[in-house]
Amino acid sequence: MEELRKKARELLTSGAVKVIIGYGPGSGKRVRAVFVRKPEQADLLICDDRCLQNLAVYLTKPEVKALGKAAVVARLPTLRAILQLAAENQLTDGQVVALGISPEGKMTELSQFKAIEEFLAGFSFELSAEEKATLEKLDQMTPEQRWQFWQEQFAKCVRCYGCRASCPLCYCEKCLAECNQPQWIPAASHQIGNLDWHIIRAMHLANRCVNCGDCSRACPVGIPLHLLNQKLAEEVFKQFGARSGMKAAQEYALCNWKLEDRENFIK
Amino acid sequence: MARIGVFICHCGENIAGTVDVFKVAEAAGKFPGVVHSVEYKYMCSDPGQTMIKDAIKEKKLTGVVVAACSPRMHEPTFRRACAEAGLNPFLCEMANIREHCSWVHEKGEATTQKAIELIRIMVEKVKRNKPLYSIKVPVTKTALVLGGGIAGIQAALDIANAGHQVILVERSPSIGGHMLQLSETFPTLDCSQCILTPRMVEVAQHPKITLYTYSELESLDGFIGNFKARIRRKARGVDEKLCTGCGVCIQKCPQKKIPSEFDAGMGKRTAIYVPCPQSVPNQPVIDREHCTYYIKGKCKICEKFCERKAIRLDQQDEIIEVNVGAVVAATGFDILHSKDFPEYGYGKYPDVIDGLQFERLASASGPTLGAIKRPSDGKEPETVVFIACAGSRDDAKGIPYCSKICCMYTAKHAMLYKHKVHNGKAYVFYMDIRAGGKNYEEFVRRAIEEDGAVYLRGRVSRIYEEDGKLIVKGVDTLLGAQPVEIKADMVVLATAIVANQDAESLAQKLRVSYDPYHFLSEAHPKLRPVETNTAGIFLAGACQAPKDIPEAVAQASGAAAKVAGLFSSSELSREPVIAVVNRLPPPVFSTCTGCFLCEKACPYQAIEREEIKDRKGNVIKVVAKVNPGLCQGCGTCVALCRVKAIDLQGFTNEQVYCELMAL
Amino acid sequence: MEGHPEDQDQSLMSRVREGTGESAYKCYQCGKCSAGCPLALEMDYPPSQILRMIQLGLPGLEEKALGSLSIWLCLACETCVARCPKEVDLPKIMDFLRQESLRRGLTHPTAKNIIKFHRAFLDPVKYTGRAFEVGLIADYKARNPISAFQDVLIAPKMFFKGKLSLAPHMIKGRGEIGRIFERAMKKESKK
Amino acid sequence: MKLGYFPGCSLLGSARELEESLMLVAKKAGMELTTIPDWNCCGSTAAHNLNHLLSVSLPARILALADKAGMKEVLVPCSACYNRLAMAQYELLENPDLKKEVSEIIEMDFEGTAKLLNVVEGMEKIFGEDSVLKVEKPFEHKVACYYGCLLVRPAKVLKFDRPEDPQSMDRLMKKIGADPIDWPDKVECCGAGLSVSRTDLVAKLSGKILESAVKRGAEAIIVACPMCHSNLDMRRENIEKAAGKKYSIPVLYLTEAIGLALGLSEKELGLHRHLVPVVFPIREKKAEPEKAESAEESAGAVEE
Amino acid sequence: MSEFEPKIVAFVCNWCTYAGADLTGTSRIKYASNVRMIRLPCTGRIDFMLLLKAFEQGADGIIVSGCHPNDCHYTAGNFHARRRWMMFRSLLDFLGIDTRRIHFAWVSAAEGAKWAEFVNSVTDQVRKLGPNEQYQKLSQAGVE
């Protein structure tokens, strides 16, 4: 943590960056995102187990961009999000400094995409055994049971779009949910609209989601949305060998194809 | 408010026999927005079309649905009729109640009901149709032909003779290509150079053809009718305007032992050289890799002896830019090289040679003046083994395809050898004899029956040297796969035809697709064999697939006809069924987020990046833009776009959505 | 699924495909294998012809292939597959044909020596874990009296040169090896 | 330096001199060879002729033992064992179902991580660029390097040298002062698997190889494989009988030739175990007369 | 109605399947009249959202069909579509949506008979599954 604060002070003092996006004290025992703009505020920064939010979400916000070059405290999913955003032309190299935090809590300054790529190459992007087991459990249900499970979940959805707001890859200025000519997604939070919304969101995040889990954490009614994204991430990897956020010049599996792609359902 | 007219065709009994057209007309009349609904015996007939035209005028229709046959049949007819009545043709849609309804279902209520629904779907669609206008693109009436082999020469001459400017770019110092290397051609055995050189001269003298030899395409931008090509003119070291082609420099050049590319290594050349005496242009180039001056910094003998003072040792490569409206790729082929045949000792034994090398041996203008002499000791070989399918149809060597011309040229080689060495023995190992073509089979039979070439069906497993002979270990499968050993003096491998080494990078420059073997791909294997999937770029010759001379020439003329067609008017007009990225007033400018995932997906590279700038010129955002010249309207980008910022005219999201809502 | 004709029956062709993953259909009978095979001339049918018999699958031909001497003469020297333009793994197919020939009891009479030798080789391995050259020669001769004199000349010389040890080597994991043999035999015979 | 080591059955018996010479050279180079504990027979030609599962399972046990012993690289001097081990490893890694089945059969987990080295690769390591070994008595003979089938094929699996015209042994021979000939039979088959059961065929195939080497002036044949050695050396009488002529050319393991050049004695290297005496034409007199003699002989043989 | 007649919506590309279905017509091959075709230029254009909307509009079964691999009029639209459907289908399955109601096929312009057979077989299968209750219940629940 001291290391991080020191680096933050350094970066701000030297003027290398104008703002540090990191975690700071929130209400109670919680932490929240803070935007440190002065070296003397660097001591606000916290880095511990509570700091899970994917701060890459702020990088595409015009208000944040207006502050100038940013450094962001970045755990692995945040680093992946940065590369994925780069692959989607939302960030350019050198625009952001990542203060990479390894799972052991060690900090590394990564100012180029290449450095982030190399840093990430040292870590596996496999789901944890626990995550795999959860998916497996769902996979082993009958379709009816799965339908039941998800319907119960989606019934709770109030369409607050917290999932969208927390997602670093939901940076579209005008989300499809707001398109009304035609109105693809019924606006009200009834069953069909909810199902549509979550299917569409999952499809849009296929091979883009970096598995930070912020959607589920943000959901006020506790829908395990990350499962949908994890499922598709696993499918994309299994079928096309692609993982999101590995390279700044990443290819997107769904705008690509191979003659050897194999399915078993097209007659 | 929409005012839609519905016109239901009986098609004689074809529709009316199964569908209750009267009931359909009545039902359609009640759809919201429909102000006119009629049926008629033959809508496509003159009176039928007149009905539509009259209704458009009288009822002030804003959209027309013709319920009849397949739009693939009569959509152009009815759209034309609408246009004649002053309605934008893209406000007319067809409901297919014949092929998709009356012909495939039994007479009855369900079928009639289906016809009604099909019309309802189209009515809902047409209500959202917008007038569209054909896209006009200006055309630069100059063609760029890449490659000066027989295909490129033919294409260039045909286009030029149709009255258009041509720029012909050839990589090597002379045009002529591989055909110029050949001795005689099958199945007529006429001399290759005798028929080719007049064409080469014609190219050089044609007022409409600009010839750039020793030049290569650097890059190509733009789209059909409006390409910009950058061409690298490699430093020749000789001023073409001054050089008379007297050849003194070549005689005096001290570097005389460089293997000649033109002679496929069978002969030698100097460092300043022309590939062969018939070269066009006949001005030499300096091969800097081998020239003493460039290696050691002194020599300049050529400069000293050149009376015209045409030698330019300090010349640099030059890049020129040209505007062209169409491109013909005629970059030809290569053959498989030595490293691929360890079992045949090709590259190890000098007397194991390839087909092109044999051509040079057999050519009257070749290094042996047409005498068949083996490379190792210059002796006349008494026994020659020819091996067809050397590398072709060989998955293990990565070439599963048939090289197409080897059967014929191997028969020719065996024949030429027998004509020149009467007592010689010619053995041909073959797999199948593929001699489809005018007079081709007869030609092969002649090699066997009249010239006595011995054909053995089977592959050769191995070649090795023993006692000065090449031991060819093969098999004859017609003898029950009996191993056969032939002691040969020379072996000629009909090595596979492969794409040029840089074919892939050329394809990427041209943005045309290519197959796994790097041959350039035609737009459709049967119906569009000379076009590529990039509009305005055409193919000729063996860069597309292995071909013989007549085929290459035919394709070149076909490509030339396509180019001449394209150049027949100064503007080209295209269907407006293309994708468009929305543009909105500031501060949004476009709902496009600039993720450019569509860019990769587009099969036509039609997605471009547009920078939106403020008044000071600062970039506010970068959004996608569709190049209307390149977009073919498949709509893959539309399905991919998360925010639906991109849409396909004629099949917009709204149109399709409303079709579904009408179900 | 892909409806390849081979998958639909129990022809030798489909058995080969199951057993080796190799398709005899890939072969287009160029004969390069027969041309390079060191023993093609000794065989009753050159290798490419064996493949042809499998390809055709006509009555009698499969038995002819399985009953051939060729499959037992194959040295597995891999010259054929190294040069095969269609990358057909013929030695692998030969291995399978030998085993199939044993399963179906179609083995060529003069191949019996070869089989005896292979069995004689494997027996000590089964019981001791390693091959035993003295035993091998003795055992092979016992199984094959006709050729009893073949190696009479060599064996004593080998002793003399210290090249043959008289006692077999016993490894500790003999039990494991025995079980490996049992399981492999059982599973293979069921195929 | 350390390497895992799998001797194989032949090296305890008919190919003792290969092990002896290899061990000596390795020791001299400071290379420690650790034998796989409780190794078993690879099953050789016999297993893959009769039972596919057995032919994979026997090597699988060996490889599993090597894994267990933590060996990263295993030197397998016998080409036949090397080939069987490499083939089984390849097959098992390619086919997860088979891997599972075989793991059950051998009662051990098979991972197959160890890299296998054949004897030529082993010697390249032991006698490589940075080796401490010095050539003391150059092996100045014209030699025919004979690789046989098992070292180079199938190339897809073994990925060793150029399968049609390998050079690695030739390079090693040049290094010790020998003059390797260019000849076409480097990778021809000697008849290995039929060594005992069809001596007639083996005599024919091996005879062709001998003839080709002698004809091109070789003074020794250098081999890497016990099978090749036994066919060319132990079966010499059979070959001579079939050919109707005598051949005196000795057959040396490459380890023996290297050992000689390093100054090791013939006895230590086990040269006395050969059936064909290791004698070279005397240099001073030049090799020509003897070669001429053998050429005459071969001409005579043809006439007979 | 004595038996349940499913509503089938087919999304087809203009160049292969639409033309193939035209050929079914010109060959006068009869098939179930349950299908309604939506013509699009290419399978690449078929947005997965269209399939969702079709279910919501009461479709009991859905057909998606286009050119065979390598035959796409636009060279690669069908390859893009294939990847999309691979993902979409596994997502639907993961959500418990009955994937037996969505059928994919490659039907070329020459395969008029295949089109008829395919439509018939899909219609039969969906008829056996009965009405699309999952979605019907959702829509009822959705009425506010």
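Reader: Let's say two residues are in contact if their C-beta atoms, placed from the backbone, lie within 7 Å. How many charged residues are on the side of chain B that touches chain D?

Author: A word on conventions: residues are numbered from 1 along each chain as its sequence is written, while chains are lettered from A and ligands numbered from 1 in the order in which they are written. This is a predicted model, so local features need pLDDT of at least 70 and side-chain atom pairs count only at pLDDT 80 or more, whereas totals for chains, interfaces and linings use all residues. Five residues of chain B are in contact with four of chain D. With Ala, Val, Leu, Ile, Met, Phe, Trp, Tyr, Cys and Pro counted as nonpolar, Asp, Glu, Lys and Arg as charged, and the others, Gly among them, as polar, the side on chain B holds two nonpolar residues, no polar ones, and its charged residues number three.

Reader: Over which residues of chain D is the pLDDT below 50?

Author: For chain D, the mean pLDDT (the predictor's confidence in each residue, from 0 to 100) is 88, and 93% of the residues reach 70 or more. One stretch falls below 50, and beyond near neighbours in sequence it has 14 contacts in the model. Where pLDDT is low, the predicted coordinates should not be read in detail. In chain D, the stretch below 50 is residues 285-304.

Reader: Which element gives the most residues to the side of domain 1 of chain D that touches domain 2 of chain D?

Author: Chain D is divided into domain 1 (2-120) and domain 2 (134-293), with bounds from an automatic or database domain assignment. Between them, 25 residues of domain 1 are in contact with 29 of domain 2. On the domain 1 side, α1 (16-29), α4 (79-94) and α6 (119-126) of chain D each give two or more residues; helices (H or I, at least four residues) and strands (E, at least two) are DSSP runs, numbered from the N terminus. With nine residues, the element that gives the most is α1(D).

Reader: And how many nonpolar residues does that domain 1 side hold?

Author: The centres of the two domains of chain D, taken over C-alpha atoms, are separated by 25 Å. The side of domain 1 that touches domain 2 of chain D has seven polar and four charged residues, and its nonpolar residues number 14.

Reader: What radius of gyration does chain D have, set against a compact globule?

Author: The C-alpha trace of chain D spans about 60 × 45 × 30 Å along its principal axes, and the chain has 14 helices and eight strands. The radius of gyration is taken over C-alpha atoms, and the globule rule is 2.2 Å times the number of residues to the power 0.38. For 304 residues a compact globule would be near 19 Å, which agrees with the value for chain D, 20 Å.

Reader: Is K309(B), with its positive phi, buried or exposed?

Author: K309(B) lies in the loop between α11 (301-305) and β17 (318-324) of chain B, and its phi is near 55 degrees, positive in a residue other than glycine. A residue is buried if 20 or more other C-beta atoms (placed from the backbone) lie within 10 Å of its own, exposed if 12 or fewer, and partly exposed in between. Because K309(B) has 10 C-beta neighbours inside 10 Å, it counts as exposed.

Reader: Which residue does a cis peptide bond join to Q181(A)?

Author: Most residues other than glycine have a negative phi, and most peptide bonds are trans. In chain A, the loop between α7 (162-166) and α8 (191-205) holds the partner. With omega about 5 degrees, the cis bond joins Q181(A) to P182(A).
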